[in-house]
Amino acid sequence: MAILIIAEHDNSTLKGATLNAVAAACQIDADLDLLVAGAECQAVAEQASKVMGVSKVLLADHSAYEHQLAENLCELVVELSRNYSHVIAPATSNGKNVLPRVAALLDVAQISDITSVESEDTFQRPIYAGNAIATVQSQDPIKVLTVRGAAFDAAVAEGGAAEIVAIATVCNDELSSFVGEEVAVSDRPELTAAKVVISGGRGMGNGENFSLLEKVADKLGAAVGASRAAVDAGFVPNDMQVGQTGKIVAPELYIAVGISGAIQHLAGMKDSKVIVAINKDEEAPIFQVADYGLVADLFEAVPELEAKL
Amino acid sequence: MKVLVTVKRVIDYNVKVRVKSDHSDVDLGNVKMALNPFCEIAVEEAVRLKEAGSAAEVVVVSVGRKACQEQVRTALALGADRGIHIETEASPESLNVAKLLAKVVEHEQPDLIITGKQAIDSDNNQTGQMLAALLNLPQGTFASELKLTDGTVNVTREVDGGLQTVALKLPAIVTTDLRLNEPRYASLPNIMKAKRKPLEVKTPADLGVETKTHTKLVKVTPPAERQGGITVSSVDELVEKLKYDAKVI
Amino acid sequence: MRESMEFDVVIVGAGPAGLSTACRLMQQANDAGQELSVCVVEKGSEVGAHILSGAVVEPRALNELFPDWKEMGAPLKTEVTEDRIYLLKDDQKSSKIPNFLVPKTMHNHGNYIASVGNLCRWLAEQAEQLGVEVFPGFPASYIIYGDDGQVAGIGTGDMGLDEEGNQKDTYMPGMDLLAKYTVFTEGCRGHLGKELIAKYQLNAGKDAQHYGIGIKELWDIDPAKHEPGLVLHGTGWPLSFKESEGGASGGFFLYHAEDNQVVVGLITDLNYDNPHLSPFDEFQRMKHHPLIADTLTGGKRVSYGARAITKGGYNALPKMSMPGALLLGCDAGTLNFSKIKGTHTAMKSGMVAAETLFEVLKISNEGGQNLTAYGDNFKDSWVYEELYTSRNFGPALHKYGTVIGSALNYIDQNIVSLPFTIHDNYPDYNQLKSANAYSPIDYQKPDGVLSFDKPSSVFLSNTNHEESQPCHLQLSDYSIPLGKNLIMFDEPAQRYCPAGVYEVIEGEKGSKQFQINSQNCLHCKTCDIKDPTQNITWVTPEGGGGPNYPNM
Ligand SMILES: Cc1cc2nc3c(=O)[nH]c(=O)nc-3n(C[C@H](O)[C@H](O)[C@H](O)COP(=O)(O)OP(=O)(O)OC[C@H]3O[C@@H](n4cnc5c(N)ncnc54)[C@H](O)[C@@H]3O)c2cc1C
Ligand code: SF4
C-alpha cells in the first residue's frame with residue numbers, strides 16, 4: 001500500500017494544511033508520497049522532503065501547474081494515482097477543487113473532509129454542518145480523501161530526508177486559464193478564517209466597550225465577533241454575529257467575553273479547539289463548554305489580559 | 001445560450017437535525033425540506049443571465065426521489081423554463097449523480113452548467129467537479145462572480161485567503177458560493193405558473209446509466225458533547241495555561 | 001403597484017379548519033362538475049410547520065370528510081388504549097381518579113393519538129389533489145374590504161423589507177388575493193380574525209373569550225416504558241389553585257404516541273392573576289413530578305413548542321358569518337374545552353362552511369353576501385350540540401376553582417344537565433393583580449435532564465425569522481412596558497412568553513431597556529392575549545418565518 005498526498009503550497013512555501021494531511025495519512029500503515037505540483041517550486045519540494053513520515057517527494061515543476069488549475073492538476077494526479085491505494089489532499093479550496101475530479105476519473109467515490117481514520121478503508125466525517133458524524137466505509141480500490149486540518153495534529157515539519165523525484169509529465173489542456181488573484185488584505189482576519197476569535201456579548205454593555213476586545217484582538221491577530229444578544233442590543237452590526245443564525249467559526253482559540261452561552265451561540269463556535277470564557281456570572285452556561293473559565297468582571301479582566309499578552 | 005442548473009432537495013437550513021436513536025442515519029421524518037441554498041443561488045444566477053439576455057433557456061434538473069419534484073417546481077417558480085427529474089432512491093452518491101447528470105448534459109448540450117458548491121446535508125462538495133471530469137469540461141468552483149464574454153466565462157472564485165479569477169472555455173461548469181447573489185423570493189403568480197411548466201421524468205435506465213455503490217454508511221452518531229474544562233482564578237493563570245498547556249497563543 | 005389575483009374562495013390558514021373547508025369545497029365542485037378556484041394561504045414555511053396540538057383526535061369529522069382515510073394513509077395510527085386521569089396533590093403525590101368519576105367527555109375510546117401537524121400535511125396533499133392551490137410561506141397580512149363594507153379578500157405580506165420598512169434588494173411586494181368569499185381559519189387568536197370580530201361586532205352579547213397557553217414537548221423515551229395508546233391527563237400541582245397563591249388553573253397531558261415517543265404538555269389558563277407566574281417554568285417543574293419524570297427519565301427531548309388555545313366555548317363563540325366572509329375553527333373558538341379537543345370541531349366547522357358556500361356559489365356568481373345561513377347550518381350540526389352541552393365547563397372551572405368546578409362539570413356532563421349557564425365575563429388580560437400582591441415564585445434552575453431553559457427549548461422549535469425585517473410584535477405605546485407594566489406587574493411578558501422574546505435588560509448605571517427578540521417568536525399569540533393593557537399586537541412577519549415544527 002502506498003499513499004499519494006497532494007501538497008498545499010504557494011510555489012515558495014509548504015502550507016500547514018499539508019502537515020495535517022500527512023498526519024492523517026500516517027494513521028494508515030503505508031508509504032507516503034507527497035506530490036508537489038507547481039511552478040518553480042523546488043523550495044517547496046525541499047521543505048516537503050523534511051516532513052517526518054514522508055517517504056518520497058514527487059516534484060512536478062511546470063508553468064501549467066503554477067495556479068493549481070484543477071483541469072491540469074487532475075490529469076497529472078490521475079496519471080500518478082494508479083499506483084496508490086489512497087489519494088489524499090487537505091480539505092483546502094485547492095484540495096476541494098481538484099480531488100473530486102480525480103475521483104470521478106478513477107471511477108471511485110471521494111470521502112470528503114475526514115476527521116478521523118478508523119481503519120484503512122473506514123473514516124469519520126461531519127455531515128449536516130457538523131451536527132452529525134458519519135462513519136463511512138469505502139468499497140473502492142483507491143480511496144480518495146480530503147482531510148479536515150483541524151482534526152489532526154500537524155506532522156513534524158523538520159527532521160525527515162525523503163528523496164525528491166522529478167515528474168516529467170506535463171498536463172496542459174488549456175480548457176481554463178488563470179486571469180488574476182486578489183489576496184485578502186485586512187488588518188484583522190475574517191471571522192470564519194481567523195485562528196483566534198474574541199467575541200463579546202450583552203455583558204459588554206455597549207458598542208464602545210468592544211474596543212476593549214479589539215485591543216486584545218490586535219495583539220493576537222484575532223477577529224472580533226459577537227453574540228446575537230449583543231447584535232440585537234445594537235452594540236455591533238449583524239455581520240459580526242457568531243451563532244446559529246450568524247457565522248459558524250472553528251478557530252484554534254475562541255474567547256467568549258460577557259457571553260452567557262445560549263445554545264444558539266454555542267452552535268456557532270462549539271467546534272473551536274480551545275474555548276475561554278470570561279463572565280462574572282459563574283452560573284452562565286458558557287462555562288459548561290469552556291476549557292478555561294474565568295469568573296471575573298470583564299472590565300477588569302480584559303484590559304489585564306491585553307496587558308499581559 | 002442554454003444554461004443547465006442542478007438542484008437538490010435537502011433538509012431546511014432552519015431545522016436542527018437529530019440522529020436516530022439506532023444510529024442508522026439522521027431522522028428526516030416530517031421535517032421541512034427545501035431547495036439546497038447553494039442550488040438556489042445557482043438557479044438565481046441562471047435566471048439573471050436569462051433576464052440579462054445572455055441565456056435563452058434555463059433547464060433545471062434534480063436527481064432523487066419523487067418528492068424532489070417539489071424543488072424542481074420551486075426552481076421553475078424562480079424563473080427556470082423547464083424541469084427534468086431523474087428518479088432514483090433517496091440520496092445517491094455524488095459520483096452516481098454526476099454520471100446521471102453527464103448523460104443529461106450530453107443530451108441537452110447546454111453551454112453553461114451551474115451547480116451549488118455543496119449540499120448542506122452530505123456536505124460533500126463533489127458533484128460539480130465530478131461532472132466536469134466526466135465531461136472533460138473546465139470548472140470554476142466556489143464562484144462569487146461570473147462574467148460571460150464570447151465563448152468564455154470568467155469566474156471569480158472564493159479561495160483560501162482571497163479571490164482567484166479563471167477564464168473557462170464554454171461549455172463550462174460553475175459551482176456557486178454564498179456571495180454570488182442573493183436569491184429572490186418566488187411570487188405567487190410564478191408559483192402557479194410553475195405548476196404548468198414542463199417537467200420530464202426519467203429513470204437511470206432511460207439514460208443508460210448503471211449506478212454503483214462505492215461507499216457504505218456504517219453509522220451516524222451525534223457529535224461528541226463538549227465537556228467543561230477548568231476554572232482559572234486569575235488572568236495570569238489563564239495566560240499561562242493558554243501558552244503552555246493549550247499552546248494556542 | 002400591487003398585483004392581484006381572483007379566486008372564488010380564499011382560505012386563510014392551512015389548519016384543520018381551513019384544509020377541511022378546502023377539501024369539502026372541491027369535493028362538491030368535482031362531484032357537480034363545476035369549476036371552482038380555491039386557494040389556501042399559510043404563513044408557515046410549509047403546511048404543518050406552525051401547527052402545535054396535543055393531540056388526541058376524535059375522528060368523527062375525518063370519517064365524514066374522507067370515509068376511507070385509513071386506506072388513504074391518513075397519519076392517525078395509534079388508537080387510544082387506556083385513559084388515566086390524575087390529580088397531582090403536590091410535587092410528589094398524585095392520585096388517580098377512579099374511572100366512574102371521570103367525566104364522560106374525557107373518555108377517549110375510539111380516538112387516536114396523532115400529530116395534528118402531520119394530519120394537516122396529509123390534508124394539504126388531499127386538497128392539492130382535489131385541485132386546491134395551497135401556498136405555504138404566504139401570510140395574509142391584511143384584509144381587503146369592498147365598497148359595501150364586505151370582505152373582498154386579503155393581501156399577502158411584502159417580502160424583503162428592512163427593520164425600518166425600506167425595500168431591500170430582494171424586495172417583493174405582496175399580492176392582493178380577491179375572493180367572492182374569504183374564509184378565516186387562522187387558529188387561536190388570529191390577527192385578522194381579531195380585526196373582523198371588532199369590525200363586525202361578531203362577539204356582541206357574548207361572554208369574553210378565554211384562552212390558555214399550551215406548552216408541549218416531544219420526547220424519545222426508553223422503549224421499555226413505552227405503552228402506545230396510553231393517555232394521561234391531570235390537574236393540580238404545580239399550578240396553584242389556592243386563592244392565596246393566585247388563581248391559576250390548567251392541566252397536563254402525556255400521550256404515548258408511536259415510535260417510542262411521548263408528548264407531554266401543560267395548558268395554563270391565561271386568566272391567572274399572579275404576574276410572577278411563568279407558564280414555561282410551571283411546565284418545566286411539572287416534569288419533575290414522579291408521575292411524569294418516571295416516564296421521561298432515560299429519554300431525550302426532541303422538540304418544543306407553544307401555542308395558545310381558545311377555550312371560551314359556546315358562551316363566547318362569536319357570530320361566524322359576515323358579509324363576504326366566514327370565521328371558523330379556533331379563529332372563532334369552536335374548541336370543546338371539556339374534552340380539550342378542537343381538531344374535530346374545527347374540521348366540522350369548515351365542512352359545514354364548505355357546504356354553505358357551495359350552495360351559494362352554485363347559484364350565484366356574485367360574492368360578498370352575508371352567509372347568515374351558516375349560523376343555521378352550524379346549529380344543525382353535531383359541533384353545536386357538542387359545544388352547547390359543554391358550555392358550563394370552562395366557566396365553572398374559572399369561577400369555582402378546579403375542584404368544585406370539576407364536580408359541577410361532572411354532574412353537568414354525566415348526571416343531569418344543569419338548567420342554567422354559568423358565565424365568566426372577565427377577559428384574561430385584566431386579571432393580573434399587582435406584583436406586590438404576591439411574592440415572586442421561586443422556580444428551580446433547570447437540571448438539563450428533565451427541565452430546560454428557554455433558549456435551549458426555543459432552539460428545538462426550529463424557529464427563525466429573516467434577520468432584517470420590521471418587528472412583527474407591535475407596541476401601540478412604547479412607554480408602557482417600562483413605564484407601567486414593569487412598575488405594576490414586573491413586566492409579565494418576560495414570563496408569559498414561552499420563547500423569551502421579551503426582556504427587560506439592565507444597562508449601565510441601572511438604566512432599563514425593554515427588548516423584543518422577535519426572531520425567537522413561536523407565533524403562540526400569548527402576548528397579544530395577556531398583555532394587561534392590550535398594548536402588544538401580533539402581526540404576520542415575513543412569509544415562512546416562525547417555528548418549523550416536525551410532528552407537533
Ligand atoms: C397544547 C394543545 C393541545 C391540544 N390538544 C388537542 C387534542 O388533544 N385534541 C384536539 O382535537 N385538539 C387539541 N388542541 C386543539 C387543536 O389543536 C385546535 O383546535 C385545532 O388545531 C384548531 O384548528 P384550526 O384550523 O382552527 O387552527 P390551527 O390549527 O391553529 O391552524 C391555523 C393555521 O393558520 C395559519 N395562519 C394563522 N394566521 C395566518 C395568516 N394571517 N395568514 C396565513 N396563515 C395563517 C397558521 O399558521 C396555522 O397553520 C390542542 C391545542 C393545543 C395548543
Ligand atoms: S412573542 Fe408573543 S406570540 Fe411570540 S412566542 Fe412570545 S408570547 Fe408567543
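Let me begin with ligand 2, where the surrounding shell, sorted by class, has 11 nonpolar, 2 polar and 1 charged residues. There are 14 residues around ligand 2 in total, and those that come nearest are C:Cys497, C:Cys521, C:Cys524, C:Lys525 and C:Cys527. Please keep in mind throughout that what we are looking at is a predicted model.

Now to ligand 1, which is surrounded by 35 residues, the closest being C:Ala17, C:Glu42, C:Ser53, C:Val56 and C:Ala140. If we sort this shell in the same manner, we find 18 nonpolar, 12 polar and 5 charged residues. Several elements of chain C each supply at least two residues of the shell, among them helix α1 (16–32), strand β2 (38–42) and helix α8 (343–363).

Which atoms of the protein, then, does ligand 1 meet through its own oxygen and nitrogen atoms? For an oxygen atom of ligand 1, there is a polar backbone atom of C:Ala17 at 2.8 Å. A nitrogen atom of ligand 1 lies 3.1 Å from a backbone N or O atom of C:Gly54, and a polar side-chain atom of C:Glu186 is found 3.3 Å from a nitrogen atom of the ligand. On its own, ligand 1 has 990 Å² of accessible area, and the protein covers 97% of that.

Staying with chain C, I would like to turn to a single charged side chain, that of C:Arg301, which sits in strand β18. Is C:Arg301 buried or exposed? Its relative accessibility is 7%, and because the cut-off for buried is under 20%, C:Arg301 counts as buried. As for what its side chain meets there, a polar contact of 2.9 Å joins it to the side chain of C:Glu217, and it also reaches the backbone oxygen of C:Ser456 at 3.4 Å. Leaving aside residues up to four places away in sequence, C:Arg301 touches eight residues that you can find in the structure, including C:Trp219, C:Gln284, C:Phe452 and C:Leu460.

For contrast, let us look at a residue of chain B, namely B:Glu200, which is found in strand β11 (residues 199–202). B:Glu200 has a relative accessible area of 34%, so it is classed as partly exposed. With residues up to four places away in sequence again left out, B:Glu200 touches B:Arg82, B:Gly83, B:Ile84 and B:His85.

Finally, chain A, which contains 8 helices and 16 strands. Of its 309 residues, 58% are buried, and its C-alpha atoms fill a box of roughly 60 × 40 × 40 Å along the principal axes. Among the contacts in chain A with a separation of 6 or more, 64% come from residues 24 or more positions apart.

Helix α5 of chain A, residues 210–220, deserves a slower look, and its buried residues are A:Phe210, A:Leu212, A:Leu213, A:Val216, A:Ala217 and A:Leu220. Why do these residues lie on the same side of α5(A)? They do so because they cover an arc of only 150° around the axis. As a reminder, an α-helix has 3.6 residues a turn, so residues three or four places apart point the same way. The cover over the buried residues of α5(A) includes strands β12 (196–200), β13 (223–226) and β14 (253–257), together with helices α6 (228–232) and α8 (298–308) of chain A. Just after the helix, A:Gly221 takes a positive phi of about 65°.

How values were computed. Residues numbered from 1 in each chain as written. Chains lettered and ligands numbered in written order. Predicted model: local features only at pLDDT ≥ 70, side-chain atom pairs only at ≥ 80, totals over all residues. Heavy atoms only, no water. Buried < 20%, exposed > 50% of the residue type's maximum accessible area, 1.4 Å probe, protein only. Helix = DSSP H or I, 4+ residues; strand = E, 2+ residues; numbered from the N terminus. Arc of directions from axis to C-beta. Contact = heavy atoms within 4.5 Å. Near = heavy atom within 4 Å. Polar contact = N/O pair within 3.5 Å; in protein donor to acceptor, adjacent residues only side chain to side chain. Areas by Shrake-Rupley, 256 points an atom, 1.4 Å probe, with all protein chains shown as cover. Nonpolar A, V, L, I, M, F, W, Y, C, P; charged D, E, K, R; others polar.
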